[in-house]
Amino acid sequence: MKIETLGPSFAARITGLDFKSKPDASLKDQLNAWLAEFAVLVFPSQFLNPQEFMNAVSYFGDLMPQQITQFTLKDFPLVGYNSTEDLPKKDGKLQVRGENFHTDHSNEIAPPKATSLLAVTLPSLGGDTQFVDVRRAFDDLPESQKLEIQGLKVLHVHQSNRSPREFAKLSPEALALIPQTWQPLVIRHPESLRPALYLNTGRMQQIAKLSDAQGFELIDELYAHASQPRYEYRHRWQVGDLVIWDNRSVMHQANADYNPEERRYLYRLMVQGVPLEPFQ
Ligand SMILES: [Fe+2]
């Protein structure tokens, strides 16, 4: 295996590994150590079927069920998919899920450690995925502000009143099953122990001990800080790319900038995480 960093040094490309050939289980430790260190790993030329994709992502932990079950494969319910064909259009523009920086399912008690996408079919142009490093964004804050925000707790719900986008509509029964959880605003990564901002404007509903106005002002300020281009790696997809990212170290966002007549289809898996601890 060979690893090389991409763009800002939190993304890395790993070559010399073919998940189809079921690599030795002893590689797990190395792969997980790289994920904790770099946060975004790109494995090019992985032409995998859904079962092989599940085997590959299992090197990083237990697979987690998708929250939105209508976009999962019938024979492989753990495997979700993102497909142009399912996306609604508004004023001629595609409405893509995940079109602002976020971390996946932050309202879960134990949010996903990682999310992975495998590119099956791509449009001729556009549809990149962007990532920002929320560890470096925290590191760069003034020391006084770090102290101020450490220890704050934020309520994450299915969809915040101030969400910048509309989430998939769910039945009242499905919604009742979706948890809401108080999460630390500054988390300590469970493996690397590095501090990171834990932000998700679509789901952050309230900061404990702050008024709504103060809470949302702080969220907006931290979000604007963390989503600056200097913290960003932009992934331009190639068919066969398997990308996996650590949801505790980066935020990600999708782009609806491609031709809606062209097909874009990716498989999606999530890896189970643990409850998040505050950085103190
Ligand atoms: Fe997402």
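I take buried to mean under 20% relative accessible area, and by that cut-off I entered Phe138 as buried, because its relative accessible area is 2%. The model I am reading is a predicted one.

**Overall form**

I looked up the extent of the protein chain next, and found that its C-alpha atoms fill a box of roughly 50 × 45 × 35 Å along the principal axes. The radius of gyration is 18 Å, which agrees with the value near 19 Å that a compact globule of 280 residues would have. For the secondary structure of the chain I noted six helices and 19 strands, and I recorded that buried residues make up 55% of the 280 residues.

**Aromatic rings**

I returned to Phe138 in order to look at its ring. I keep in mind that a pair of aromatic rings is described by the distance of the centres and the angle of the planes. The structure holds ten aromatic pairs, and one of them joins Phe138 and Phe279 edge-to-face, at 6.2 Å centre to centre and with 70 degrees between the planes. Phe138 lies in helix H3 (residues 134-139) and Phe279 in the segment after strand S19 (277-278), so this pair ties together parts that are 141 residues apart in sequence. I also listed one aromatic cluster, which is formed by Phe53, Phe71, Tyr81, Tyr265 and Tyr267.

**Iron site**

Which residues coordinate the iron ion? I found His102 and His252, each through NE2, together with Asp104 through OD, at 2.2 to 2.3 Å. Along the chain these donors follow the spacing H-x1-D-x147-H. I then checked the accessibility of two of the ligands: His102 counts as buried because its relative accessibility is 6%, and Asp104 is likewise buried, with a relative accessible area of 5%.

**Pocket and cavity**

The largest pocket has a volume of about 1,000 Å³. I counted 46 residues in its lining, of which Val96, Arg97, Gly98, Arg165 and Glu166 lie nearest the centre of the pocket. By class, this lining has 14 nonpolar, 19 polar and 13 charged residues. Strands S5 (80-83), S7 (93-94), S8 (114-121) and S17 (250-254) each supply at least two residues of the lining, and S5 gives the most, with four residues.

A search of the whole structure for cavities of 30 Å³ or more gave me one, and the volume of the largest cavity is about 30 Å³. Its lining includes Thr103, Val134 and Ile187, as well as Asn247, Arg248 and Met251. The residues that line this cavity divide into seven nonpolar, three polar and one charged.

**Backbone angles**

I closed with the phi angles, given that most residues other than glycine have a negative phi. Lys22, although not a glycine, has a positive phi of about 50 degrees, and I placed Lys22 in the loop between strand S2 (11-15) and helix H1 (28-38). Lys22 counts as exposed, because its relative accessibility is 61%.

Ser45 is not a glycine either, and I noted for Ser45 a positive phi of about 55 degrees. Ser45 is found in the loop between strand S3 (40-43) and helix H2 (50-57). At 47% relative accessibility, I entered Ser45 as partly exposed.

Technical notes:
Residues numbered from 1 in each chain as written. Predicted model: local features only at pLDDT ≥ 70, side-chain atom pairs only at ≥ 80, totals over all residues. Heavy atoms only, no water. 1 Å grid on protein atoms, 1.4 Å probe; cavity = no way out; pocket = protein on both sides within 12 Å on 5 of 7 lines; lining within 4 Å. Points joined across faces, edges and corners; volume = space filled by probe spheres on them. Nonpolar A, V, L, I, M, F, W, Y, C, P; charged D, E, K, R; others polar. Donors = N, O, S within 2.8 Å, 3.2 Å for Na, K, Ca; no water. Buried < 20%, exposed > 50% of the residue type's maximum accessible area, 1.4 Å probe, protein only. Phe/Tyr/Trp six-rings, centres within 6.5 Å; stacked < 30°, edge-to-face > 60°. Rg over C-alpha atoms; globule rule 2.2 N^0.38 Å.
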